[in-house]
Amino acid sequence: MAELRRNTENNPPYPPVVFAFRGTPAEGKRFFDKRWPTARAIADHDGSLYDHFGLRRATLAQAFGPPVFRRAIEAVRRGV
């Protein structure tokens, strides 16, 4: 998220970013206040937006597979 924020702030023609998250507005406020207070976000507590776009919860293999660990290592190297 920090890298995306830097990209949008340092590159004015960067497309607008809108986050969707499966939580309440209060949960989203707590999360984004710490990371990106000016971010635009949609609270999709019941998952209707996710359903509309055919997004499903990750399987265990997807959530903890090798690609996830590679990205985690990369994030640690960057100091995220």
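1. Strand E1 (residues 18-21) has two faces: Phe19 and Phe21 sit on the covered one, Val18 and Ala20 on the uncovered one. Bear in mind that this is a predicted model, where local features need pLDDT of at least 70, side-chain atom pairs count only at pLDDT 80 or more, and totals for chains, interfaces and linings use all residues. Residues are numbered from 1 along each chain as its sequence is written, and side-chain values use heavy atoms, with hydrogens and water left out. Helices (H or I, at least four residues) and strands (E, at least two) are DSSP runs, numbered from the N terminus.

2. What does E1 pair with? Its partner is strand E2 (residues 40-43): the two run parallel and are joined by four bridges. (Strands pair if DSSP finds at least two bridges between them.) Within that pairing, phenylalanine 21 is matched with alanine 43 of E2. To get from E1 to E2 the chain goes through helix H2 (residues 25-35), a β-α-β crossover that is right-handed; that is, with the strands pointing away from the viewer, the path from the first strand over the helix to the second runs clockwise.

3. Just past E2, have a look at aspartate 46, in the loop between E2 and helix H3 (48-52). Aspartate 46 is exposed, at 57% relative accessible area (buried means under 20%, exposed over 50%, partly exposed in between, with a 1.4 Å probe and protein chains only). Its C-alpha atom is 9.2 Å from that of threonine 24, and the two residues are 22 apart along the chain.

4. On to the salt bridges, meaning a side-chain nitrogen of Lys or Arg within 4 Å of a carboxyl oxygen of Asp or Glu. The count comes to five. One of them joins glutamate 3 and arginine 78, with N to O at 2.1 Å. Because glutamate 3 lies in helix H1 (residues 2-10) and arginine 78 in helix H5, the pair ties together parts that are 75 residues apart in sequence. Both ends are partly exposed: glutamate 3 at 37%, arginine 78 at 47%.

5. Glutamate 74 and arginine 71 also form a salt bridge, their closest N and O atoms being 3.0 Å apart. They are three residues apart in H5, so about one helical turn separates them. Glutamate 74 is partly exposed at 28%, while arginine 71 is exposed at 51%. Taken together, Glu3, Arg71, Glu74 and Arg78 make up a salt-bridge network.

6. Helix H2 has a salt bridge too: aspartate 33 meets lysine 29 at 2.8 Å, N to O. These two are four residues apart in H2, so about one helical turn lies between them. Aspartate 33 is partly exposed at 39% and lysine 29 exposed at 51%.

7. H5 passes a quick length check: its 13 residues should span 18 Å at 1.5 Å a residue, and the end C-alpha atoms are 19 Å apart, which agrees. (The expected span is 1.5 Å times one less than the number of residues.) Glycine 79 follows H5, with a positive phi near 85 degrees.

8. Which residues form the nonpolar surface patch? They are Leu60, Phe64 and Phe69, with about 390 Å² of accessible area together. Phenylalanine 64 is in the loop between helix H4 (60-63) and helix H5 (66-78), and counts as exposed at 57% relative accessibility. Patch members need over 30% relative accessible area and no salt bridge; like charges are joined within 9 Å, nonpolar side chains (Val, Leu, Ile, Met, Phe, Trp, Tyr) within 5 Å. Areas come from the Shrake-Rupley method with a 1.4 Å probe, and for residues only the protein chains shown count as cover.
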